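Good morning, colleagues. Please look at the sequence and the structure as they appear, and keep them in view while I speak.

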Amino acid sequence: MVERELTLIKRPERPLEREADLALHASAERDFLRAIGLAQSNLRDLRETTGSLIHILRFQGQTDIDATPLRKTIQDYILRMHPYDQQSYGTHALARVEIELGNIPAANVALEATGENDIISHLRLDFARGYAKAGIDPQPMLNVVKETAGRVRIKRNPDVFEISTGKQIGDVTALAVTHFQLGLDPTPFLTQTRELLGSSQSSEKDYHVGQLAKAYALCGDFTNALALVDTIIARDPKATKKRRMETRYAIAKEQLKLGDIEGALNTAVRSKDNTLMGEINARVAIYKAEGGEDPTEEIDRTLSRMVNIKSAWSQGLLYSMLGRAKALAKEDPKGMFVMAMEKALSLEVSEDPMADLFERFTEDVDASGFDATPVFKIALEWADRALEEKLPSYDIGTPDMYQGMATEAIIHQQIKLGYLEMAEQTLSRMENDPSVDIFYIDLLAELAHAKAIKAAAA
């Protein structure tokens, strides 16, 4: 591995001039039009084109750029779809986006056109949350989900249904969380889920128990959440340990959100997993530093765990988080960030095809007040290394596929963190590909959205 120098420069504040605002807004409009044109001309089939257009609407609908023509185009495409695809895919996806955008009339029309299918319960819960946000009583929609929980169609016959216990457990668990989010009592639904699990013999029971434990945590009931973890039994001891660890991790994160530091640390210790204990300690270090407290104890405790963690990915994650904690505590973070970079560069792109470690690394550098541009450049060079990888014979991927996936992840992070000029330059690397695909179109729409929002805010 070639050694790299990591440059840390304080991130400058660069307010835009008014002329730049207008130019940025015009650029956003052009990007949206290009994304729409590519979706209509480059994608393989009607379903894929419709889905891409709806995804573009999700971004354009959040801006001040008129999405009326796009909505009309989407309706035209939906009408051309097979009736089954119209209901189970087209109007279903459109209803989800419109309720997310707060466009209640259009959302209601799309929901009405959506037939009963196996996933509509969760769509209706989205509507309940959307209604509440808009000041509309969500209870009638919640009642419909309660009455139809677990209902699935038999052999795609629109008039014949049965109750699937597995789906019923999932629906009722989701009902509990949604009630809590809306300030309503989740207890009856949590209790019902436990009763359903008691009589369930499903091969996915370990998954459902884990989901219920997470639901208890999301509702702030950590006692019941932790008690359930020890009842998770998967197909073999290794799978059981993994499922329990994942569930404890989810619970500990919720404890931290509520400021229960001691509880989160205890939950991590009970997992007896060094990676989990290290990550929760690192999160506590950041939490303390953000609040002006000294994170030294948690930083030292995390570093002491590092020797027992074999994964370079996990080590890199912890070093990155500790760098952020040090920076927030007004200490020099460079040593930690350099270690994070070295761990990230030690990975083959096929080991981390979505550049998850670089995603965390760039976020921590940026949140520490430093310019993440040098890290993005290093990440892109790392992604290009995929073309040189010797993939094992059993790997069904290809070097250019891994390079593309990593590059897409890096662009998404550039947009998310506001490095829009760099994101545009990186995205241009993909536009000469003759098979410009749905991922390029989605990223172009996401970039257009970020430009429009930035132009309006300046």
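**Two helix pairs and a buried serine**

In helix H2, the residues Leu46, Thr49, Thr50, Leu53, Ile54, Ile56, Leu57 and Gln60 meet Leu70, Arg71, Thr73, Ile74, Tyr77, Ile78 and Arg80 of helix H3. Sorted by class, the residues of this contact between H2 and H3 comprise nine nonpolar, four polar and two charged. I should state at once that this is a predicted model.

How are these two helices arranged? H2, residues 46-60, and H3, residues 68-80, pack at an angle of about 155 degrees, and their axes are 10 Å apart. Angles over 145 degrees count as roughly antiparallel, and H2 and H3 are therefore roughly antiparallel to each other. The crossing in which H2 passes H3 is left-handed.

Let us turn to a second pair. Helix H10, residues 205-218, packs with helix H11, residues 222-229, at an angle of about 160 degrees, with the axes 7 Å apart. H10 and H11 are therefore roughly antiparallel as well, and their crossing is left-handed. On the H10 side, the contact is made by Val209, Leu212, Ala213, Tyr216 and Ala217, and on the H11 side by Phe222, Asn224, Ala225 and Leu228. This contact of H10 with H11 has eight nonpolar residues, one polar residue and no charged residues.

Finally, I ask you to find Ser314, which lies in helix H16, residues 312-328. Is Ser314 buried or exposed? Its relative accessibility is 12%, so Ser314 counts as buried. Leaving aside residues up to four places away in sequence, Ser314 touches Thr275 and Ile309.

Terms used:
Residues are numbered from 1 along each chain as its sequence is written. This is a predicted model: local features need pLDDT of at least 70, side-chain atom pairs count only at pLDDT 80 or more; totals for chains, interfaces and linings use all residues. Side-chain values use heavy atoms; hydrogens and water are left out. Axes are lines fitted to C-alpha atoms, for helices over the stretch in contact, and angles run from 0 to 180 degrees between N-to-C directions. Helices (H or I, at least four residues) and strands (E, at least two) are DSSP runs, numbered from the N terminus. Angles under 35 degrees count as roughly parallel, over 145 as roughly antiparallel, 65 to 115 as roughly perpendicular and the rest as oblique. A crossing is left-handed if the near helix is turned anticlockwise from the far one by less than a right angle, and right-handed if clockwise. Contact means heavy atoms within 4.5 Å. Ala, Val, Leu, Ile, Met, Phe, Trp, Tyr, Cys and Pro count as nonpolar, Asp, Glu, Lys and Arg as charged, and the others, Gly among them, as polar. Buried means under 20% relative accessible area, exposed over 50%, partly exposed in between (1.4 Å probe, protein chains only).
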